[in-house]
Amino acid sequence: MSAETLDNLSSENRTFAPSPEFAAQANAQPSLYSEAEEEGVAFWERQAEALVWNRRWDTALDWSNAPFAKWFVGGKINASVNALDRHVAEGHGGRIAFHFEGEPGDTRDISYAQLLTEVSKAANALTEMGITSGDRVAIYMPLIPEAAVAMLACARIGAIHSVVFGGFSAEALLSRIQDADAKLVITADGGFRKGAAFALKPAVDEALKGETNVKQVLVVKRTGQETAWNESRDIWWHDIVDRQHSTHTPEFFDSEHPLFILYTSGTTAKPKGIFHTTGGYLTQVAYTHKVVFDIKPKTDVYWCTADVGWITGHSYMVYGPLINGATQVMYEGTPDTPHKGRVFELVEKYGVTILYTAPTLIRTWMKWGDEYPNQFNLSSLRLLGSVGEPINPEAWIWYRHVIGGNRCPIVDTWWQTETGAIMISPLPGVTATKPGSAMRPLPGISAKVVDDNGVPVGDGHGGYLILDRPWPSMLRGVWGEDERFKETYWSRFEGIYFAGDGAKLDDDGAIWLLGRVDDVMNVSGHRISTTEVESALVSHEAVAEAAVVGAADAMTGQGIVAFVILRGGVEHVEGEELVKELRNHVAKEIGAIAKPRQIMVVNELPKTRSGKIMRRLLKDVAENRAVGDATTLADPNVMKLISEGLKSSSSDD
Ligand code: WTA
């Protein structure tokens with residue numbers, strides 16, 4: 001068995017230290033690392049003390065029944081009180097919680113006091129509808145304030161929310177309703193996207209033709225479009241919520257009371273209901289939001305562009321920022337409606353200071369060209385974040401330069417639905433960052449890169465990314481499937497959480513994420529990460545985005561096949577010339593072994609709705625197979641175009 005799990009091909013020598021001004025004012029100072037190391041679990045207790053508890057915990061961590069963790073055992077807490085009531089009680093009720101911007105341009109500024117009123121009314125309405133602590137509620141909504149209100153109202157009464165992304169089909173919704181055995185669905189007539197109203201309620205109607213225990217459907221009127229109505233089941237939000245009392249006396253729940261279930265998307269297998277509990281989750285999301293985003297609630301305007309349907313929307317749009325009393329932007333629509341500068345226009349309009357987005361959007365902006373961000377004043381920005389995929393060094397540099405004006409630290413944050421909160425990230429006032437690296441585990445977190453036998457690989461080598469100490473916001477299981485939980489996450493290495501990602505340590509010990517280990521290619525015995533080849537391609541001036549797969553190859557085991565999207569507004573050679581140039585460029589950047597066998601220029605790549613490239617489908621195309629299950633694709637047509645294109649493109653030497 002090889003000690004080296006992944007070849008370490010590329011290297012990066014650029015570093016960017018925080019400015020002295022940023023470092024001096026930063027929430028997180030260098031001592032945080034040593035404090036966390038010395039204090040161990042007590043460090044997390046200190047972070048938990050930043051929350052409002054109705055009863056303090058007796059035991060900080062119970063790991064006796066591993067891998068089923070319990071944090072802050074015996075403590076009593078209410079998530080919604082931490083997000084709302086405390087700020088109002090402390091005199092900050094007038095502070096804006098959300099600047100909401102609808103895609104058509106309608107706006108609402110919602111203060112903390114108003115949000116508390118809305119959540120209290122919604123909690124009263126849920127109670128009137130018979131929802132009680134422990135019940136599951138499915139939320140299937142556009143990105144409008146009522147989505148956050150619905151989540152917080154559930155949390156307030158101890159009901160467990162299961163948010164299903166509004167872009168998912170009726171079938172996907174049904175399987176999630178069934179798996180969680182939800183009693184209620186909260187939805188909207190529809191929402192606005194790409195310049196038009198889309199309907200949501202018909203998908204709920206369709207889903208509920210299946211066998212479920214859903215008794216009621218609560219419907220927010222967003223678009224006003226015609227909606228089929230089931231008198232005995234459907235209730236308009238405004239009919240029941242608006243007439244409720246504006247106050248609600250919260251109950252306090254066990255620290256380990258489930259807060260939500262969130263299904264992970266992706267493969268053909270039955271969706272996995274990742275579930276999180278209350279005290280530990282809130283502790284880590286609030287702590288990470290404070291130290292990674294350096295939030296100053298009185299002056300910052302923070303914008304996380306994720307949808308509530310994903311974990312990023314849960315942890316860094318709802319719970320983390322609200323607990324920290326932040327003012328946020330919430331935008332309903334797509335970044336190119338009505339023009340490709342919409343995000344930048346909103347940064348200027350609201351004076352956004354902290355922007356947290358995904359590499360897929362950054363690379364899309366690169367593809368569209370610099371003229372869009374350049375039209376707007378982005379000087380309010382002081383910190384930038386990235387999440388969801390490895391960010392290629394050149395995309396990072398572009399983000400820093402074009403969006404951040406070379407002045408904003410970038411935090412590349414690695415985490416998962418399963419981890420609940422950020423695990424690996426620079427601290428913006430402390431870390432000298434390297435473009436493309438998530439750098440090191442946050443204070444309090446232990447992550448390592450190990451070989452096939454679970455032995456740490458050491459600097460300069462690649463392997464599997466693992467977490468070998470429990471953390472407060474860790475998943476508590478897969479809903480109703482304890483065996484699957486153990487098998488999926490805790491069996492590859494005994495007693496250790498394996499995240500599914502490959503990573504390497506550079507010579508300074510900085511962590512580089514290399515994508516899912518399932519995506520690793522084996523070329524003539526070299527285990528090459530798709531991410532490294534993709535980043536080499538993106539470092540060519542003509543390329544905005546690249547996806548790389550290993551296709552079966554009689555000679556080399558696997559051959560590297562690349563799909564690239566070109567950048568707008570950049571001069572370059574065309575056709576065969578360009579392909580040749582790109583192949584040589586990869587050879588120059590990381591070595592001849594990684595030279596793609598074939599490169600195809602495409603207009604779009606197959607992505608999940610949260611923006612992750614679906615390499616599995618590209619591999620089907622590259623190996624001339626019928627394309628597999630594509631139901632989680634954002635745009636189903638993309639694969640057809642790519643398959644047709646590849647058939648007509650010539651294979652290189
Ligand atoms: C990937 C999103 C590299 C990774 C919060 C992980 C990343 C999966 C990064 C989880 C990053 C997320 N660098 N890869 N900064 N952040 N990933 O559950 O493969 O939607 O396992 O959670 O995204 O995706 P999920």
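## Salt bridges across the chain

Let's start with one pair of charged residues: E45 and R56 form a salt bridge, and their closest N and O atoms are 3.8 Å apart. E45 belongs to helix α3 (residues 41-48), while R56 sits in the loop between α3 and β1 (59-62), so this pair ties together parts that are 11 residues apart in sequence. R56 has a relative accessible area of 45%, so this residue counts as partly exposed. Please keep in mind as you read that this is a predicted model. In it, the count of salt bridges comes to 46. As background, side chains of opposite charge can pair when their charged atoms come close.

A second pair reaches across a longer stretch of sequence, as the numbers here show: K367 and E604 form a salt bridge with their closest N and O atoms 3.4 Å apart. K367 lies in helix α13 (residues 359-368) and E604 in the loop between β30 (598-601) and α19 (615-622), so the pair ties together parts that are 237 residues apart in sequence. E604 is partly exposed, with a relative accessible area of 41%.

## A buried pair and a network

Now turn to K504 and E532, another salt bridge, whose closest N and O atoms are 2.5 Å apart. This pair links distant parts of the chain, with K504 in strand β24 (residues 497-505) and E532 in helix α17 (residues 530-538), 28 residues apart. Are these two residues, K504 and E532, buried or exposed? Both K504 and E532 are buried.

Salt bridges can also join into a group. Here E101, R342, E345 and K349 are linked in a network of salt bridges.

## Around the ligand

The model also holds a ligand, with 16 residues surrounding it. The closest of them are D412, T413, T417, D501 and R516. Sorted by class, the shell around the ligand has six nonpolar, five polar and five charged residues. Two elements, α11 (311-323) and β25 (511-516), each supply at least two residues of this shell.

Some polar contacts can be picked out one by one. A polar side-chain atom of D501 lies 2.8 Å from an oxygen atom of the ligand. The backbone takes part as well: a polar backbone atom of G388 is 3.1 Å from a nitrogen atom of the ligand, and a backbone N or O atom of P390 lies 3.4 Å from a ligand nitrogen atom. How much of the ligand does the protein bury? Taken alone, the ligand exposes 520 Å², and the protein buries 90% of that.

## Cysteines without disulfides

How many disulfides does a search of the whole structure find? The search finds zero. C304 is in no disulfide, and the nearest cysteine sulfur to its own, that of C408, is 17 Å away. With a relative accessible area of 2%, C304 is buried.

C408 is likewise in no disulfide, its nearest cysteine sulfur being that of C304, 17 Å away. C408 has a relative accessibility of 0%, so this cysteine counts as buried.

## Helix α19

Helix α19 is mostly covered, with six of its eight residues buried. Those buried residues are R615, L617, L618, D620, V621 and A622. Just after α19 comes N624, which takes a positive phi of about 55 degrees.

## Backbone details in the loops

Two cis peptide bonds deserve a look. One runs from A66 to P67, with omega near 5 degrees, and P67 lies in the loop between β1 and β2 (70-73). Another runs from T337 to P338, with omega near -5 degrees; P338 is found in the loop between β17 (327-331) and α12 (342-350).

Positive phi values appear in loops too. D294 is not a glycine, yet its phi is positive at about 55 degrees. D294 is placed in the loop between α10 (279-292) and β16 (301-304), and D294 is buried, with a relative accessible area of 0%. S524, also a residue other than glycine, has a positive phi near 50 degrees. S524 sits in the loop between β26 (521-523) and β27 (526-528). At 44% relative accessibility, S524 counts as partly exposed.

Notes: Residues numbered from 1 in each chain as written. Predicted model: local features only at pLDDT ≥ 70, side-chain atom pairs only at ≥ 80, totals over all residues. Heavy atoms only, no water. Near = heavy atom within 4 Å. Polar contact = N/O pair within 3.5 Å; in protein donor to acceptor, adjacent residues only side chain to side chain. Areas by Shrake-Rupley, 256 points an atom, 1.4 Å probe, with all protein chains shown as cover. Helix = DSSP H or I, 4+ residues; strand = E, 2+ residues; numbered from the N terminus. Nonpolar A, V, L, I, M, F, W, Y, C, P; charged D, E, K, R; others polar. Disulfide = S-S within 2.5 Å. Buried < 20%, exposed > 50% of the residue type's maximum accessible area, 1.4 Å probe, protein only. Salt bridge = Lys/Arg side-chain N within 4 Å of Asp/Glu carboxyl O.
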